[in-house]
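Please look over the structure shown here before reading the briefing beneath it. The points are grouped by topic so that each can be followed in the model.

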Amino acid sequence: MIEIEKKFILNEREKEQILKNAQFLGDKIFTDIYYDTKDYSLTLKDYWLRFRDGKAELKVPVKKENNTFINQYEEITDEDKIRQKINIPKVKDLISDLNVNNYNPFCKCKTTRTKYKKDIFSIDLDFVDFNDFSYNIAEVEIMIEKETTIDDAVEKINIFAKENNLKLESVKGKVIEYINRKIPHLYSELLNKGIVK
C-alpha cells in the first residue's frame with residue numbers, strides 16, 4: 001500500500017473543524033523503535049525502518065518531485081521484502097540480522113493515537129512521548145494501491161486542507177522532530193539533501 005499523508009500542527013479551533021462529522025474509531029498506544037547504521041545510511045535515503053510494537057515496517061519514498069509538503073511512502077511490512085530493500089541476508093530473525101549488520105536503534109517513542117475517519121480520509125491525532133520531551137501532531141491520510149493515483153490523492157488532501165483552513169506548510173514528523181532536537185548534524189544533512197523541507 002502507498003500512504004499519502006499531510007502532517008499538521010493544529011490549534012483547538014482547527015481540531016474541532018476537521019473532526020466535525022468525523023467518525024471516532026478509537027484510541028491506541030504503540031511504541032516505535034527506529035533502526036539505522038552509525039552513518040544513517042537509511043535515513044539519508046529517506047528510508048525509515050521501525051519496529052512498531054515488535055512488528056517490522058519499512059517506509060520508502062514513492063515519488064521524488066514533491067513540492068506539496070505531502071508525504072508519499074510505500075509501507076513494506078513483509079520481512080523478506082524489507083531485507084531485499086536494505087540488502088541484508090536472512091540468517092536468524094530480523095532484529096538479530098540487523099544487529100549483525102550494524103543496524104541499531106536510534107530513536108524510541110511511545111505514541112497515543114486517536115483515530116477518526118472522515119469521508120475518504122483517515123485522521124490521526126498523536127501525542128508522542130520521547131521520555132524527555134513530547135510532541136503533538138495530526139496526520140490526514142489516504143491509502144492507495146497504485147502509483148498512478150498519487151497525484152489525485154495529493155490533490156484531495158490539498159482540497160481538504162483548504163476547505164478546513166489548514167496551513168499547507170512543512171511540518172516535522174515525530175522522528176524528524178526527534179532528529180532536529182537530538183541529532184542536529186543529521187538534521188542538517190537531511191535539509192541539505194532536501195529530504196526535510
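The briefing below covers the nonpolar cores, the strand pairing, the cysteines and two loop residues.

This is a predicted model, and every value given here was computed from it. The largest nonpolar core has 24 residues, while a second, separate core has 23 residues. Strand S6 (residues 104-118) pairs with strand S2 (residues 23-36), and S6 also supplies at least two residues to the largest core.

**Nonpolar cores**

- Within the largest nonpolar core, which has 24 residues, those with the most contacts are Phe-106, Phe-130, Ile-179 and Leu-190.
- At least two residues of this core come from each of S6, strand S8 (134-144), helix H5 (174-182) and helix H6 (184-192), and H5 gives the most, with 4 residues.
- Leaving aside residues up to four places away in sequence, Phe-106 touches Tyr-34, Tyr-35, Asp-36, Tyr-40, Thr-43, Val-175, Tyr-178, Ile-179 and Ile-183.
- The second core, which is separate and has 23 residues, includes Ile-4, Leu-19, Ala-138 and Leu-166.

**Strand pairing**

- Strands S2 and S6 run in the antiparallel sense and pair over 13 bridges, with Ile-29 standing opposite Thr-112 in S6.
- S2 also pairs with strand S3 (residues 48-52), again in the antiparallel sense, over 4 bridges, and here Asp-32 stands opposite Arg-52 in S3.

**Cysteines**

- A search of the whole structure finds 0 disulfides, and Cys-107 is accordingly in none, the nearest cysteine sulfur being that of Cys-109 at 4.8 Å.
- For Cys-109, which is likewise in no disulfide, the nearest cysteine sulfur is that of Cys-107, 4.8 Å away; a disulfide would require the two sulfur atoms to be within 2.5 Å.
- Cys-107 counts as buried because its relative accessibility is 2%, and Cys-109 counts as buried because its relative accessibility is 1%.

**Loop residues with positive phi**

- Most residues other than glycine have a negative phi.
- Asn-21, although not a glycine, has a positive phi of about 65°; this residue lies in the loop between helix H1 (12-19) and S2, and it counts as exposed because its relative accessibility is 73%.
- Asn-102, also a residue other than glycine, has a positive phi near 65°; its place is in the loop between helix H3 (94-100) and S6, and at 53% relative accessibility Asn-102 counts as exposed.

Conventions:
Residues numbered from 1 in each chain as written. Predicted model: local features only at pLDDT ≥ 70, side-chain atom pairs only at ≥ 80, totals over all residues. Heavy atoms only, no water. Buried < 20%, exposed > 50% of the residue type's maximum accessible area, 1.4 Å probe, protein only. Pairing = 2+ DSSP bridges. Core = buried A, V, L, I, M, F, W, Y, C linked by side-chain atoms within 4.5 Å. Contact = heavy atoms within 4.5 Å.
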